[in-house]
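Please load the model in your viewer and keep the selection tool at hand. The stops below are meant to be taken in order.

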Amino acid sequence: MPKNMLDGGQVIVDYLVREKVPYAFGLCGHGNIQFIDALYERSHDIKTISVHHETVAGFMADCFYRVSGQPTATFTSCGPGSTNLPIALANAYLDSVPFLAVTGNIPTSQFNRGAFQELYRHYQADFPSTVRTMCKRVFQPTRGEMVPLAVRQAWKTMVTGRPGPVVLDVPFDIFKEAAAEETPKPEEWNANISCRCGADPEGVKKAVDMLLAAERPAILVGQGIKYGGATADLVALAERLQIPVAMSASGLGAIATDHPLALGLVARNGHYQANHATRQADVLLALGVRFDDRTSSSWLPGYSFTIPPTKLIHVDIDPDEIARNYPVALGLMADVRTFLRQLLAELDTRKGGDAAAARKKWLKTIDGYRKEWNDHVASGFTDDSSPINPQRAAHEIDRALPDDAILVSDIGIHHNWLLQYCQPKRPDSLVGCMGFGPMGFGVAGVLGAKLAAPDRPCVAVVGDGAFFMHASVLGTAVEYDLPVVWVVWNNYAYASIRGLQRGYLGGRELATDFKHPKTGQPYNPDFAAMARAAGIDGVSVERPGDLSDAVKMAVASGRPYLIDANIAADKNPGGAGVWELPPLGQSQPVIGSRYQPN
Ligand SMILES: Cc1ncc(C[n+]2csc(CCOP(=O)(O)OP(=O)(O)O)c2C)c(N)n1
Ligand SMILES: [Mg+2]
């Protein structure tokens with residue numbers, strides 16, 4: 001290689017450093033040792049975190065972004081190493097979370113020869129086809145000099161518009177091939193690009209007209225508000241017009257749960273006051289939310305929404321999401337923060353109108369719904385039975401945590417309970433995934449959250465099924481001294497799925513619980529002992545009254561900690577909405593009934 005030239009691996013790592021990426025998460029293989037070598041050279045500028053399963057690396061990068069707003073990178077080998085990553089890519093893609101996945105591939109000189117670990121039977125070195133549905137774009141430079149362009153374009157694709165993960169697939173030789181004398185500068189290619197586009201000014205005026213004329217308006221927010229940094233502007237608008245704010249599962253925390261205008265969760269298992277307000281609203285302002293089936297009660301009218309007659313104003317950075325599932329009275333492509341500021345500025349120009357007085361009746365009616373919901377669920381908070389009532393468990397975990405704690409949820413029945421009974425105060429108080437829903441997200445993601453927020457308590461609540469799937473995280477927490485807490489929601493089953501067998505299939509249960517073959521009794525490893533074997537403190541909790549203290553103690557310990565909590569498996573978190581699994585049928589609301597406008 002000529003003097004003063006950087007090779008492909010060096011250019012990528014240098015670019016990451018220039019983009020202020022603090023961590024690269026990954027796992028070695030022969031396909032990426034040269035990339036790791038480039039990381040080695042820059043180990044003072046970027047820290048390498050080596051994990052025990054590639055999926056863990058992806059979930060860590062994902063959660064790191066959700067907490068810090070800074071994209072990072074993963075590195076995986078060729079073939080199987082990288083094919084352990086797509087589940088995390090898909091999760092990040094569907095939840096619009098960026099990270100750069102640097103995947104190794106075989107040497108270009110061996111393309112299409114069926115070299116060790118080459119996916120070659122349809123097309124040479126074809127890892128890109130494997131992930132094309134799971135990321136925004138794949139770049140595959142096949143000469144060293146293509147690397148600078150690929151890395152800067154990959155980064156731009158990742159962070160502009162609707163963010164998402166991007167794959168940079170690098171053949172073995174390209175990591176070491178001469179690439180450039182200098183790495184592209186972020187300030188020339190990325191740092192000065194803004195995608196905070198506002199909405200069409202006429203549309204802004206129309207939105208204000210509609211909101212001012214509404215009698216029963218509601219705002220619905222998704223994660224676009226949280227990741228778009230728009231929470232303060234949201235509160236300003238809600239307070240100014242006295243409009244109540246409902247949240248999708250991904251939007252929870254966009255406004256503090258105890259804010260008087262916060263309605264809570266709209267979903268199949270949503271809070272009554274939220275579902276009953278949004279389905280009766282005459283105008284619904286939807287911001288950065290995509291109306292998935294869980295939020296929308298499977299789009300069955302009258303449970304979460306009744307659009308029409310509700311007039312929908314739908315604002316999103318990605319026009320693909322507007323009018324995907326519901327007709328719009330007004331659809332506006334915009335960054336939600338810029339849009340909110342436009343709305344507030346437009347309101348400044350309007351005279352008169354006492355929002356508080358106009359809204360009194362509607363808000364009072366909603367207070368009645370809130371009371372009905374609170375009365376409906378009250379008994380679950382004091383249930384002293386053991387195994388622990390799941391509602392009580394969610395509440396005990398939540399109340400043990402300080403306001404600045406970050407709770408990362410995995411996927412399963414526990415997630416639904418947490419969504420209902422945690423009281424997030426900040427946009428990142430409750431981190432969960434809603435698009436792809438892979439088990440393991442919380443188990444591994446909490447490690448990324450902790451690196452992003454070292455001074456905040458980071459607690460994962462995870463199913464026993466998911467924890468066992470990804471128990472290698474115990475070692476990673478020890479190796480990098482990451483004082484995270486796992487609460488294993490131990491119900492001796494893939495309980496959410498078993499619940500479906502019970503609800504829809506007449507109780508024909510198979511392959512959904514964990515049993516000892518000899519005794520037929522529920523079986524699981526002793527998770528607390530597993531943790532201790534890995535060098536981590538672990539305790540088991542049987543009684544509801546002990547759970548909160550255990551969580552407090554774990555957080556206070558300042559060390560990695562596992563709590564194995566014995567949680568009742570037979571309860572399902574019902575709500576004011578429904579979920580349909582065609583053709584099996586649909587669930588029923590546990591409170592209220594379908595709203596049918598006259
Ligand atoms: C990787 C992956 N495999 C399978 C599923 C389907 N699935 C969704 S929830 C669930 C059960 C999870 O069991 P557990 O982790 O014990 O959580 P629980 O529902 O019991 O709270 C399964 C198998 C999934 N979402 N992700
Ligand atoms: Mg379970």
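The tour goes from a sheet to its helices, then to a metal site and a single serine.

This is a predicted model, in which local features need pLDDT of at least 70 and side-chain atom pairs count only at pLDDT 80 or more, while totals for chains, interfaces and linings use all residues. Residues are numbered from 1 along each chain as its sequence is written, chains are lettered from A and ligands numbered from 1 in the order in which they are written, and side-chain values use heavy atoms, with hydrogens and water left out.

Begin by selecting the open sheet, whose 6 strands follow the order β16-β15-β17-β18-β20-β19 with parallel pairing; helices (H or I, at least four residues) and strands (E, at least two) are DSSP runs, numbered from the N terminus, and two strands pair if DSSP finds at least two bridges between them. Its edge strands are β16 (430-431) and β19, each of which pairs on one side only.

Next, restrict the view to β19 (residues 537-541) and β20 (residues 561-566), which run parallel and are joined by 5 bridges. Val539 has Ile563 of β20 as its bridge partner, and Gly538 stands opposite Leu562 in β20. Adding helix α22 (residues 544-557) completes a right-handed β-α-β unit with these two strands; right-handed means that, with the strands pointing away from the viewer, the path from the first strand over the helix to the second runs clockwise.

Now show helix α17 (residues 441-452), which lies across β15, β16, β17 and β18 and runs at about 170° to β17. Helix α15 (residues 390-400) lies across β15 (406-409), β17 (458-463) and β18, at about 170° to β18. Such angles run from 0 to 180 degrees between N-to-C directions, with axes fitted to C-alpha atoms, for helices over the stretch in contact (heavy atoms within 4.5 Å).

Move on to the magnesium ion (ligand 2), whose protein donors, Asp464 (OD), Asn491 (OD1) and Ala493 (O), lie 2.0 to 2.1 Å from it. Donors are N, O and S atoms within 2.8 Å of the metal (3.2 Å for Na, K and Ca), and water is not among the atoms, so sites may look incomplete. Asp464 and Asn491 are both buried, that is, under 20% relative accessible area, with exposed over 50% and partly exposed in between (1.4 Å probe, protein chains only).

Finally, select Ser82 in helix α4 (residues 80-83), which is buried with a relative accessible area of 0%. Leaving aside neighbours within four places in sequence, Ser82 is in contact with Thr76, Ser77, Thr103, Gly104 and Phe127.
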